[in-house]
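Please walk through this structure with an eye to how its charged side chains are placed and what surrounds them. The explanation below begins with one such residue and widens from there.

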Amino acid sequence: MSKSRKILGALLAVVMVLSVLSISAFAAGATSYEDLENDPLAANYSQTWALGTPSGSDSTYTVDVLLTTNYNVGPVSFKLEGVTSIVEIEVKDGYYKDATLADKANSGLILMVPDTSSTVVSKEASGTIATITYTTNAAGGVVSIANDPKNANNPNGTLVAARATAATINVSDFVVGQPKVTVTGPGATPPAGDADLELKSGVTGIVVDSSKTFAGSYDGVVYGFNQTANNTFKNANYIKNALEATSDVDLVIRASDGGTAATGNYGTGSTITVLNADGSTAKVYAVCIFGDVDGNGLINTADANAVKASVNNTKIPNNSIQRLAANAQNVNNATMMHNIVTGDASAIKAHIGGTKLNMAALAERHNSFNNNYQ
């Protein structure tokens with residue numbers, strides 16, 4: 001990764017002279033900005049900020065600060081606009097239990113720093129990271145988060161969700177400047193009910209099937225994706241280009257091996273997590289690529305051989321996403337569309353040879369038979 005290293009004290013210009021040891025240690029380290037031109041992974045990282053509905057009486061209110069990321073988080077900084085004074089700041093358990101918290105001159109500018117004097121394991125942010133009690137003259141107590149992301153072009157920005165590049169926090173392993181920063185309006189409230197998955201405008205052939213849950217392991221399955229170049233599904237973009245959440249919050253997409261890198265095993269067994277507007281998890285869907293039985297994002301001879309070896313036995317488990325992917329022969333028979341037969345292996349072999357599987361037709365057929373994979 002090509003980055004220009006920066007002094008961490010300059011990165012977090014919001015920090016003045018703080019006596020807390022952990023903050024001092026953090027400020028003494030080094031960090032870097034995302035290099036969007038030379039680091040293709042940088043564009044995959046995103047963060048969504050929001051505020052809960054203010055509650056209170058007279059001139060004192062409380063509000064939840066919500067943050068969702070698809071990367072492990074280090075230091076966090078944000079500014080509440082419209083605040084007269086900060087009364088109390090409570091770090092929620094969902095962030096770091098040892099987080100040190102400071103308010104610069106009681107102005108609404110807040111910094112949350114993991115205590116690097118002890119071992120802190122980094123993790124993704126999802127939901128409420130802090131509850132702020134404050135006073136304001138704003139009507140109804142409604143304030144907003146300053147949409148002022150810190151990056152290489154805006155080094156004094158107040159909005160920061162630094163990315164931890166290691167599983168265990170180290171003061172030298174933070175990166176800022178993620179390009180996709182979403183900030184909701186003031187007083188944002190989640191929509192009624194849970195968010196769900198939907199097709200983007202103009203997308204056809206893909207089916208979001210909520211009837212197949214694989215014994216409750218998922219909230220459903222998504223299939224019908226067209227094959228890409230060289231029969232590969234090694235990049236999550238084919239999912240991002242086709243689907244979105246009704247909450248307008250970015251989807252969290254994981255490869256079949258749990259990874260989130262730009263390239264990986266984004267075939268059968270990948271997951272799509274749909275988040276509510278408040279950052280909580282609404283639903284988790286599995287991805288099925290017909291013909292890609294092992295989930296490595298490829299449709300190749302190994303898949304055909306695995307299916308052939310599973311004819312008339314249960315080498316591929318009965319109620320599994322792999323079995324669904326193995327059923328690649330399109331026949332109008334519910335039993336055959338669940339059992340693995342020679343025709344399934346033949347269909348995959350034909351696909352490899354150039355007679356491509358009709359993914360949309362297979363999706364439509366499987367969607368019509370809901371007596372399996374419950």
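Asp196 has a relative accessibility of 23% and therefore counts as partly exposed, a class that lies between buried (under 20% relative accessible area) and exposed (over 50%), as computed with a 1.4 Å probe on protein chains only. The model is a predicted one, in which local features need pLDDT of at least 70 and side-chain atom pairs count only at pLDDT 80 or more, while totals for chains, interfaces and linings use all residues. Residues are numbered from 1 along each chain as its sequence is written, and side-chain values use heavy atoms, with hydrogens and water left out.

Asp196 is paired with Lys283 in a salt bridge, with 2.9 Å between the closest N and O atoms; the term denotes a side-chain nitrogen of Lys or Arg within 4 Å of a carboxyl oxygen of Asp or Glu. Because Lys283 belongs to strand 20 (residues 281-287) and Asp196 to the loop between strand 13 and strand 14 (197-199), the pair ties together parts that are 87 residues apart in sequence. Strands here are DSSP runs of E with at least two residues, and helices are runs of H or I with at least four, numbered from the N terminus. Lys283 is itself partly exposed, at a relative accessible area of 24%.

A search of the whole structure finds four salt bridges, and another of them joins Asp250 to Lys180, whose closest N and O atoms are 3.5 Å apart. Asp250 sits in the loop between strand 17 (243-245) and strand 18 (252-254) and Lys180 in strand 13 (residues 180-183), so this pair ties together parts 70 residues apart in sequence. Both partners are partly exposed, Asp250 with a relative accessible area of 26% and Lys180 with one of 38%. In the salt bridge between Asp209 and Lys212, by contrast, where N and O come to 2.7 Å, Asp209 and Lys212 are both buried.

What does Lys150, a buried residue without a salt bridge, have as its nearest side chain of opposite charge? That side chain is Asp148, 7.7 Å away, where Lys and Arg count as positive and Asp and Glu as negative, His and the chain ends not being counted. Lys150 lies in the loop between strand 10 (144-145) and strand 11 (160-164), and a polar atom of its side chain is 3.2 Å from the backbone oxygen of Gly157.

Lys212 also leads to the nonpolar interior, since it is among the residues in contact (heavy atoms within 4.5 Å) with Leu324, together with Phe214, Val221, Tyr223, Cys288, Phe290, His366 and Tyr373, leaving aside neighbours within four places in sequence. Leu324, Phe225 and Leu243 touch the most other members of the largest nonpolar core, which has 52 residues; such a core is a set of buried Ala, Val, Leu, Ile, Met, Phe, Trp, Tyr and Cys residues joined through side-chain atoms within 4.5 Å. A second, separate core of 26 residues includes Tyr61, Leu67, Ile129 and Leu159.

Across the protein chain there are seven helices and 20 strands, and 48% of the 374 residues count as buried. The average pLDDT, the predictor's confidence in each residue on a scale from 0 to 100, is 80, and 79% of the residues score at least 70. Among the elements, strand 1 (residues 5-7) has the lowest mean pLDDT (27), whereas strand 16 (residues 221-223) has the highest (97).

Technical notes
Polar contact = N/O pair within 3.5 Å; in protein donor to acceptor, adjacent residues only side chain to side chain.
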